[in-house]
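Me: I would like to go through the labels attached to this structure, asking for each what justifies it. Please set every value against its criterion before concluding.

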Amino acid sequence: MLLGTSLMFSSCIGSFALWNQLKDWNQGIGNKFVNELVFLAFHVIPVYEVAYIADALVINSIEFWSGSNPLADNIGKAKVIKSENGEYLVTTNENGYTISKKGENKDLNLVYDNDSRTWNAVYDGENYELMTMNEDGSITVKLQDGNTVTVLPDQMGVASIQSAVKGETSLFASSK
């Protein structure tokens, strides 16, 4: 009887890993004004609320009964991705991802440098800067020809980058 009632008094608060990861992501994307805009947007579109409810009802319950949170540690986790070009293994690292193609011995590492706020590709010993996350919330993408394109992280920005990669001019991006 004592053992049965002890379950009623144990805490099921959990770590709220999903909500905390969302909050940490928001705090790391830009300056305080960008963070506030994302914060408000995520309350208008109830992203924070859904994350909190998912944590409270599902993820924290799994953590309580299993002893481990399914979102707590993704470092070292791998996922197989199948495409028309072959099969790839994507492994989560502390600062990015390692992508390996089945049957090949060379890995592509996508690495985020927190100090310079850049995503880099490391392949065959060479380091290639891909993009910089700017303080104003924009993203500067480095093209293969050495030019850069600065866009906002939205659908129009993605279209501008696609146009720049194809060699087309865009009205929505500024090239340097």
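Reply: A residue is called buried under 20% relative accessible area, exposed over 50%, and partly exposed in between, with a 1.4 Å probe and protein chains only. This is a predicted model, in which local features need pLDDT of at least 70 and side-chain atom pairs count only at pLDDT 80 or more, whereas totals for chains, interfaces and linings use all residues. Residues are numbered from 1 along each chain as its sequence is written, and side-chain values use heavy atoms, with hydrogens and water left out.

Me: Why is E135 called partly exposed?

Reply: The relative accessible area of E135 is 47%, and because partly exposed is the class between 20% and 50%, the label applies to E135.

Me: What makes the contact of E135 with R117 a salt bridge?

Reply: The term requires a side-chain nitrogen of Lys or Arg within 4 Å of a carboxyl oxygen of Asp or Glu; the closest N and O atoms of E135 and R117 are 3.6 Å apart, so the pair qualifies. E135 lies in the loop between β6 and β7 (139–142) and R117 in the loop between β4 and β5, so the pair ties together parts that are 18 residues apart in sequence. Strands here are DSSP runs (E, at least two residues), numbered from the N terminus.

Me: Is R117 buried or exposed?

Reply: R117 has a relative accessible area of 15%, and is therefore buried.

Me: How do you know that E87 and K102 form a salt bridge?

Reply: Their closest N and O atoms are 3.8 Å apart, a value that meets the criterion, so the name is justified. E87 lies in strand β2 (residues 86–93) and K102 in the loop between β3 (96–101) and β4 (107–113), so the pair ties together parts 15 residues apart in sequence. E87 counts as partly exposed because its relative accessibility is 27%, while K102, at 62%, counts as exposed.

Me: How many salt bridges are found in the whole structure?

Reply: The search finds 3, including the one between K106 and D124, at 3.4 Å from N to O. K106 is partly exposed at 42%, and D124 counts as exposed at 52%.

Me: What makes β7 and β8 a pair of strands?

Reply: Pairing requires that DSSP finds at least two bridges between the strands; β7 and β8 have 4, in the antiparallel sense, so they pair. Within this pairing, the bridge partner of K142 in β8 is T148.
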